[in-house]
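Please open the structure in your viewer and keep the selection tool at hand. The tour below moves from one selection to the next and says what is there.

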Amino acid sequence: MGKVEFTQGILDIQPDLHRFAYKLTADRDSANDLVQDCVLQALDNHEKFTYSKNLKGWMYTLMRNIFVNNYRRSVREMNVIDDTYSINQQYLIEDEDADRFEFTYDMKQLYRVIHSIPEEMKVPFQMFVAGFKYREIADKLGLPMGTVKSRLFFIRKRLKEELKDFSS
């Protein structure tokens with residue numbers, strides 16, 4: 001498939017790409033960014049696409065991988081919380097900074113709860129949050145689907161109990 005045909009194929013499925021990106025991100029601006037990243041990556045790697053493959057499926061896979069990688073990157077960045085922000089500073093800061101302090105405290109509480117979950121339960125939860133389906137999680141971890149579902153149920157229940165103060 002030539003570069004022109006390949007580009008035309010991408011243009012033809014662009015509305016589908018926008019819908020899929022919106023499903024993943026639930027935000028129009030993020031969806032537009034995701035489509036743009038996906039199209040750029042596809043154009044950079046057009047030689048890896050073979051004519052016998054499904055272009056739409058290939059593009060969806062690219063988009064999903066970009067989304068998952070971006071999500072993982074944001075989770076890694078969120079794990080680095082500014083520990084130098086002391087409680088004593090709370091009294092010296094203005095109102096807008098007080099919101100930041102409260103947010104930092106909430107994030108620390110959330111991470112404390114998530115990190116207290118046993119590792120065999122945490123991995124399926126992280127995969128589910130990253131967008132994996134039950135079947136994909138079961139296949140990748142070599143577990144029965146019922147086990148994956150029960151672990152996710154357990155984690156949701158535990159998070160709901162331990163983070164009940166967040167719902168107010």
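What follows is a walk through a predicted model, with three stops.

**Aromatic rings.** The structure holds five aromatic pairs, and a good place to begin is Phe 6 together with Trp 58, whose rings form an edge-to-face pair at 5.9 Å centre to centre, with 65 degrees between the planes. Phe 6 belongs to helix H1 (residues 3-25) and Trp 58 to helix H3 (residues 55-79), so this pair ties together parts that are 52 residues apart in sequence. Now add Phe 49 to the selection: its ring and that of Trp 58 have centres 5.3 Å apart and planes at 50 degrees, so this pair is tilted. Ring pairs thus link Phe 6, Phe 49 and Trp 58 into a cluster. Phe 6 is buried, Phe 49 counts as buried at 7% relative accessibility, and Trp 58 counts as buried at 16%.

**Two crossing helices.** Next, select helix H5 (residues 119-129) and helix H6 (residues 134-141), whose axes come within 10 Å and cross at roughly 135 degrees, which makes H5 oblique to H6. Show the side chains of Val 123, Pro 124, Met 127 and Phe 128 on H5, and of Tyr 134, Ile 137, Lys 140 and Leu 141 on H6, since these residues make the contact. Seven of them are nonpolar, none is polar and one is charged.

**A buried leucine.** Finally, select Leu 159 in helix H7 (residues 145-162). Is this residue buried or exposed? At 14% relative accessibility, Leu 159 counts as buried. Leaving aside residues up to four places away in sequence, Leu 159 touches Val 113, Ile 114, Ile 117 and Phe 125. The C-alpha atoms of Leu 159 and Ile 114 are separated by 7.7 Å, although the two residues are 45 residues apart along the chain.

Note on methods. Residues are numbered from 1 along each chain as its sequence is written. This is a predicted model: local features need pLDDT of at least 70, side-chain atom pairs count only at pLDDT 80 or more; totals for chains, interfaces and linings use all residues. Side-chain values use heavy atoms; hydrogens and water are left out. Helices (H or I, at least four residues) and strands (E, at least two) are DSSP runs, numbered from the N terminus. Buried means under 20% relative accessible area, exposed over 50%, partly exposed in between (1.4 Å probe, protein chains only). Contact means heavy atoms within 4.5 Å. Axes are lines fitted to C-alpha atoms, for helices over the stretch in contact, and angles run from 0 to 180 degrees between N-to-C directions. Angles under 35 degrees count as roughly parallel, over 145 as roughly antiparallel, 65 to 115 as roughly perpendicular and the rest as oblique. Ala, Val, Leu, Ile, Met, Phe, Trp, Tyr, Cys and Pro count as nonpolar, Asp, Glu, Lys and Arg as charged, and the others, Gly among them, as polar. Rings of Phe, Tyr and Trp (its six-membered ring) pair if their centres lie within 6.5 Å; planes under 30 degrees apart count as stacked, over 60 as edge-to-face and the rest as tilted.
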